[in-house]
Amino acid sequence: MSNLSKQVEHECDSSAGCNAIELLLHPREKDLGGFSVRRVLPAVQRKMVGPWIFFDHMGPAQFSAGEGINVRPHPHVNIATVTYLFEGEILHRDSVGSLQAIQPGDINLMVAGSGITHSERERPELTAIDHTLHGLQLWLALPEADEEIDAAFYHYPEADIPTAVVNDVAVRVMMGSAYGVTSPVKVFAKTLYVEAHLKAGQTLSLPDADERAVYVAKGKLKSKETEIAEYAMAIFSDQKGIVLEASVDSRIAIIGGENIGKRYIEWNFVSSRKERIEQAKEDWREGRFPLVAGDEHEFIPLPE
């Protein structure tokens with residue numbers, strides 16, 4: 001998705017938890033025009049978790065026939081976007097020629113690198129009926145050595161994402177390695193992204209990583225005596241042996257990985273260099289980004 005304002009970092013309600021939890025973030029809803037998202041990262045209190053610099057929980061948004069997602073072409077540099085849906089569908093187009101409908105369980109990985117333009121809309125047959133959109137969209141900051149690689153797009157269907165059962169808990173390892181399985185999704189640094197479904201009373205040990213966080217997309221968890229509410233993100237220390245317990249049936253996302261250093265972010269641009277963001281802004285103003293194949297006539301202007 002595209003940001004509607006220059007400023008990306010936002011104030012989250014936050015609090016300190018138990019010793020293993022460094023911070024609890026409670027996102028505020030942001031209107032993206034026609035539907036809202038819960039934006040957790042980047043927050044003023046915490047900008048990144050491992051290489052992850054952006055975390056949006058979209059919906060669930062209910063659209064009547066004739067309405068839906070209609071995000072015009074917009075640019076990115078020096079990141080990779082990761083889109084994962086619980087419900088609904090998004091039609092992705094980009095300037096490397098990709099045309100891909102993403103459906104629940106699939107992973108779309110779009111590598112912006114030196115620069116890409118993309119749009120997120122819907123197929124006419126979907127827009128023609130009442131429908132729902134619900135999912136997560138995340139951005140990975142690329143390591144400095146990979147920031148300017150060629151733009152690329154990778155689609156991984158649901159069947160390609162490995163699953164495991166850990167202490168009777170169903171997990172999917174979307175990116176990186178955890179619980180004895182490794183995802184085929186391309187990574188550029190040590191990266192962790194896991195989805196888990198816990199029934200009330202079930203427990204799950206967190207996989208080890210330099211930096212880790214847990215987002216509760218549905219339900220409620222406990223870590224020792226600290227409650228992690230629905231729509232909250234708990235930022236954990238690297239302490240080993242941390243166990244989560246579901247207070248009610250819950251759906252969670254675990255993210256993390258290695259710290260790749262400071263990043264600057266403005267609008268849809270992320271980089272280790274401020275001057276690179278300024279160059280990207282100028283390139284977008286002057287029309288120097290490549291066009292989206294099949295969606296060449298509209299664009300989102302740079303917020304001023």
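# Exercises on a predicted structure

Strands β21 (residues 221-223) and β24 (residues 243-246) pair in the antiparallel sense over two bridges; two strands pair if DSSP finds at least two bridges between them. Strands (E, at least two residues) and helices (H or I, at least four) are DSSP runs, numbered from the N terminus.

This is a predicted model, in which local features need pLDDT of at least 70 and side-chain atom pairs count only at pLDDT 80 or more, while totals for chains, interfaces and linings use all residues. Residues are numbered from 1 along each chain as its sequence is written, and side-chain values use heavy atoms, with hydrogens and water left out.

## Exercise 1. Two open sheets

Determine the strand order of the sheet that contains β21 and β24, and identify its edge strands.

Step 1. The order is β19-β24-β21-β22, in an open sheet of four strands with antiparallel pairing.

Step 2. β19 (203-205) and β22 (226-228) are the edge strands, since each pairs on one side only.

Step 3. Neighbouring strands of this sheet are turned against each other by 30 degrees on average, direction ignored. For such angles, axes are lines fitted to C-alpha atoms, for helices over the stretch in contact, and the values run from 0 to 180 degrees between N-to-C directions.

Step 4. Within the pair β21 and β24, lysine 222 stands opposite glutamate 245 in β24.

Repeat the analysis for the open sheet that contains β6.

Step 1. Its four strands follow the order β6-β11-β8-β9, with antiparallel pairing.

Step 2. β6 (71-76) and β9 (99-102) each have a single partner strand, so one side of each is left without a neighbour in the sheet.

Step 3. From one strand to the next, the twist averages 25 degrees.

Step 4. Strands β8 (residues 90-94) and β11 (residues 116-121) run antiparallel and are joined by four bridges. Arginine 93 stands opposite serine 119 in β11.

## Exercise 2. Salt bridges

How many salt bridges does the structure hold? Examine three of them in turn.

Step 1. The total is 19 salt bridges, each being a side-chain nitrogen of Lys or Arg within 4 Å of a carboxyl oxygen of Asp or Glu.

Step 2. One of them joins arginine 46 and glutamate 211, at 3.4 Å from N to O. Arginine 46 lies in the loop between β4 (36-41) and β5 (52-63) and glutamate 211 in strand β20 (residues 211-218), so the pair ties together parts that are 165 residues apart in sequence. Both residues are buried (under 20% relative accessible area; exposed is over 50% and partly exposed in between, with a 1.4 Å probe and protein chains only). Glu22 is linked with Arg46 and Glu211 in a network of salt bridges.

Step 3. Arginine 251 and glutamate 195 meet at 2.7 Å, N to O. Arginine 251 belongs to strand β25 (residues 250-257) and glutamate 195 to strand β18 (residues 191-198), so this salt bridge ties together parts 56 residues apart in sequence. Arginine 251 is partly exposed at 21% relative accessibility, whereas glutamate 195 is buried at 3%.

Step 4. In the salt bridge of glutamate 282 with arginine 285, the closest N and O atoms are 3.1 Å apart. Both residues lie in helix α2 (residues 274-285), three residues apart, about one turn of the helix. Glutamate 282 is partly exposed at 29% relative accessibility, and arginine 285 is partly exposed at 41%.

## Exercise 3. Nonpolar cores

Describe the largest nonpolar core and name the strand that gives the most to it.

Step 1. A nonpolar core is a set of buried Ala, Val, Leu, Ile, Met, Phe, Trp, Tyr and Cys residues joined through side-chain atoms within 4.5 Å. The largest has 34 residues, and those with the most contacts inside it are Phe55, Met175, Tyr193, Met233 and Ile255.

Step 2. Strand β7 (residues 79-87) gives the most, with four residues.

Step 3. A second, separate core has 27 residues, including Ile21, Leu24, Ala232 and Leu244.

Step 4. In soluble globular proteins, nonpolar side chains tend to be buried together.

## Exercise 4. Proline 75

Is proline 75 buried or exposed, and which residues does it touch?

Step 1. Proline 75 is placed in strand β6.

Step 2. Its relative accessible area is 0%, so proline 75 is buried.

Step 3. Not counting residues up to four places away in sequence, proline 75 touches Ile116, Thr117, Trp267, Asn268, Phe269, Trp284 and Phe289 (contact means heavy atoms within 4.5 Å).
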